[in-house]
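This report is meant for a reader who is meeting the structure for the first time. It moves from the chain as a whole to its core, then to the ligand and to some details of the backbone.

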Amino acid sequence: MEPSLNGNSSGSRRDGDSFVSTQFVAESLIPTASGKYRVRAYRHSYDGGRTCSEPTCIITGRPEGGEGVPVRVHDACFTSEVLGSLKCDCADQFRLAQRYIQEHPPGILIYLQQEGRGIGLANKIAAYALQEEGLDTVDANRALGLPDDCREYTSVRNILADLGVRSIRLMTNNPRKIAVLEELGLVVVERLPCLVQAQEHSLGYLTTKQNRMSHIMGAAVADEPAELDGSFCFWDHDGEPLQPSPMT
Ligand SMILES: Nc1nc2c(ncn2[C@@H]2O[C@H](COP(=O)(O)OP(=O)(O)OP(=O)(O)O)[C@@H](O)[C@H]2O)c(=O)[nH]1
């Protein structure tokens with residue numbers, strides 16, 4: 001990503017047939033209940049400008065030029081993050097990542113407007129309606145004629161290039177996310193588990209993620225949390241990790 005003449009950085013490159021562009025817009029220091037974060041805003045299009053999203057990069061410390069930087073790539077979830085829905089683990093994962101990069105700077109949380117694994121909010125609510133009738137999260141998408149997961153991560157590559165980050169430790173339980181980022185050329189040196197203990201309303205969703213979408217959930221969906229093995233980042237709903245992880 002080359003800096004442009006006006007000082008803003010921009011990333012534009014051809015990926016296959018589509019034209020991808022990620023433009024840096026501005027950075028601001030934002031105080032929050034859990035500390036201050038540098039927030040860098042971008043505009044991104046992966047289809048030559050037909051559609052546009054606004055990824056944000058939430059930063060602690062100075063990860064510029066760094067190696068092995070802890071990174072969470074997080075997709076929007078209005079239902080849990082705004083409404084407080086208990087059906088999924090998204091909001092808890094966001095807070096877990098936020099807390100981790102606050103306690104272990106430098107770190108990065110990239111927040112993408114890819115609600116519903118990319119199908120959008122209205123379609124996700126339609127999928128929830130089908131889940132009320134008994135379909136799981138995968139079959140509900142399919143019954144609507146929609147893909148299981150259509151998120152794309154070219155903005156992540158471009159944002160990390162903009163920051164000069166050379167390799168990352170990715171906070172995720174999703175092997176697809178790691179594979180897609182590596183295909184884009186990112187160097188993922190380690191996976192940091194990002195586990196939230198299943199609850200009454202989220203158990204079905206988390207179990208489906210494990211069984212049908214290959215997420216590595218481990219004890220998060222077990223009836224009784226298993227003995228944790230030290231490579232585990234675990235979060236209970238009373239607000240404390242059940243066991244210190246190597247991330248601490
Ligand atoms: N279509 C659909 N999307 C959902 C549902 N529940 C949560 N989401 C969306 O799922 C996305 C998060 O994806 P997840 O599969 O939970 O997790 P992930 O990001 O792939 O993997 P992790 O990095 O381990 O969190 C967000 O965009 C949510 O809005 C659901 O039941 N149906």
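A residue is called buried here if 20 or more other C-beta atoms lie within 10 Å of its own, and exposed if 12 or fewer do. By that criterion, 35% of the 248 residues of the chain count as buried in this predicted model.

**The chain as a whole**

The secondary structure of the chain comes to seven helices and 11 strands. Among the contacts in the chain with a separation of 6 or more, 55% are made by residues 24 or more positions apart. An unreviewed UniProt entry lists residues 26–193 as "domain: GTP cyclohydrolase II"; in the model this span is 33% helix and 27% strand, and the C-alpha atoms at its ends lie 31 Å apart.

**The nonpolar core**

The largest nonpolar core has 39 residues, and those with the most contacts inside it are Val71, Ala97, Ile108 and Ile110. Several elements give two or more residues to this core, including the strands β4 (35–45), β6 (69–75) and β7 (107–112) and the helices α2 (90–103) and α5 (154–163). The largest share, six residues, comes from α2. Once neighbours within four places in sequence are left aside, valine 71 is in contact with Ile108 and Ile110, and also with Ile168, Arg169, Leu170 and Met171.

**Around the ligand**

The ligand has 23 residues around it, of which Asp75, Cys77, Thr172, Asn173 and Asn174 come nearest. Two or more residues of this shell are given by each of the helices α2, α3, α4 (137–143) and α7 (203–212). By type, the residues of the shell divide into eight nonpolar, nine polar and six charged.

**Helix α3 and cysteine 90**

Helix α3, which covers residues 121–132, has 12 residues and reaches 17 Å from its first C-alpha to its last, close to the 16 Å expected at 1.5 Å a residue. Just after α3, glycine 134 takes a positive phi of about 115°.

Cysteine 90 lies in helix α2, and cysteine 90 counts as buried because 21 other C-beta atoms lie within 10 Å. With neighbours within four places in sequence left aside, cysteine 90 is in contact with Cys77, Ser80 and Glu81. Valine 180 is 90 residues from cysteine 90 in sequence, and the two lie 20 Å apart in space, C-alpha to C-alpha.

**Backbone details in the loops**

Most residues other than glycine have a negative phi, and most peptide bonds are trans. Against that background, the table sets out two residues other than glycine that have a positive phi.

| Residue | Phi | Loop |
|---|---|---|
| Arginine 117 | near 55° | between β7 and α3 |
| Serine 214 | near 60° | between α7 and β11 (234–235) |

Are these two residues buried or exposed? Arginine 117 counts as buried because it has 21 C-beta neighbours inside 10 Å, whereas serine 214 counts as exposed because it has 12 C-beta neighbours inside 10 Å.

A further backbone detail concerns a peptide bond: proline 105 and proline 106 are joined by a cis peptide bond, with omega about 0°. Proline 106 is found in the loop between α2 and β7, and both of these elements give two or more residues to the largest nonpolar core.

Conventions
Residues numbered from 1 in each chain as written. Predicted model: local features only at pLDDT ≥ 70, side-chain atom pairs only at ≥ 80, totals over all residues. UniProt positions renumbered as here; feature names shortened; annotations may be inferred. Helix = DSSP H or I, 4+ residues; strand = E, 2+ residues; numbered from the N terminus. Expected span 1.5 Å × (residues − 1). Contact = placed C-beta atoms within 7 Å. Core = buried A, V, L, I, M, F, W, Y, C linked by C-beta atoms within 7 Å. Near = placed C-beta within 6 Å. Nonpolar A, V, L, I, M, F, W, Y, C, P; charged D, E, K, R; others polar.
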